[in-house]
Amino acid sequence: MANKAMEAVKDLDLKRYMGRWYEIACFPSRFQPRDGVNTRATYSLRDDGTVNVLNETWSAGKRSYIEGIAYKADPNSDEAKLKVKFYVPPFLPIIPVVGDYWVLYIDDDYQYALIGQPSRNYLWVLCRKTHLEDEIYKELVEKAKDCGYDVSKLIKTPQSDPPPEEEGPQDTKGIWWIKSLLGK
């Protein structure tokens, strides 16, 4: 598998990027419940130019979430290379965890996107809707492969239609986060 230089989108319109995105597929992550469904991210622009990030997933019928911020890795660059910062554990935010969030591809209408980072350990296929047409999904997988990702690790995320309401029973104890540390 060729590891050509990974490139991020240039001149991303951050205002158009804001809003809700549904996770269509991803590489499994220890930071998300393995049985998570209806996973989504909601982005909103803050007054200081950073982005508020709300990541949500449902596990065992309960809504789990974590909030953080995203900001340009290099404020002088035109590339969509962001940093995201979350505090963990989410129920007692003390330790900052910072990661890369690169927009590798986005369609002209800002309806679906491919997100990754330079180590190629994380990959997300996102869409404004809960489902993505198979042909478009395959195109995004090919783009990821061209960026040097092992796309065999991609797992589709179950999404219900319609998606769950904003609120619901919550995992207020952060159990999913503790389980993630144990690899469960």
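**Exercise 1. Identify which residues of the largest nonpolar core touch the most other members, and which strand gives the most to this core.**

Step 1. A nonpolar core is a set of buried Ala, Val, Leu, Ile, Met, Phe, Trp, Tyr and Cys residues joined through side-chain atoms within 4.5 Å; buried means under 20% relative accessible area, exposed over 50%, and partly exposed in between (1.4 Å probe, protein chains only).

Step 2. This is a predicted model, in which local features need pLDDT of at least 70 and side-chain atom pairs count only at pLDDT 80 or more, while totals for chains, interfaces and linings use all residues. Residues are numbered from 1 along each chain as its sequence is written, and side-chain values use heavy atoms, with hydrogens and water left out.

Step 3. The largest core has 25 residues, of which Tyr 17, Tyr 43, Tyr 101, Val 103 and Ile 106 touch the most other members.

Step 4. Strands are DSSP runs (E, at least two residues), numbered from the N terminus. Among the elements that give two or more residues to this core are S2 (37-45), S5 (81-88) and S6 (95-106). S5 gives the most, with 4 residues.

Step 5. A second, separate core of 22 residues includes Trp 102, Leu 104, Val 125 and Cys 147.

**Exercise 2. Describe the surroundings of Val 51.**

Step 1. Val 51 belongs to strand S3, residues 51-59. Its relative accessibility is 5%, so Val 51 counts as buried.

Step 2. Contact means heavy atoms within 4.5 Å. Beyond residues up to four places away in sequence, Val 51 touches residues including Leu 14, Met 18, Tyr 43 and Ile 69.

Step 3. Val 51 and Ile 69 are 18 residues apart in sequence, with C-alpha atoms 5.4 Å apart.

**Exercise 3. Work out how S2 is paired with S3.**

Step 1. Two strands pair if DSSP finds at least two bridges between them. S2 and S3 run antiparallel and are joined by 7 bridges.

Step 2. Arg 40 stands opposite Glu 56 in S3.

Step 3. The two strands form a hairpin with 5 residues between them, and Gly 49 in the turn has a positive phi of about 90°.

**Exercise 4. Classify the aromatic pair of Tyr 122 and Trp 124.**

Step 1. Rings of Phe, Tyr and Trp (its six-membered ring) pair if their centres lie within 6.5 Å; planes under 30 degrees apart count as stacked, over 60 as edge-to-face and the rest as tilted.

Step 2. The structure holds 6 aromatic pairs. For Tyr 122 and Trp 124, the centres are 6.0 Å apart and the planes 5° apart, and the pair is stacked.
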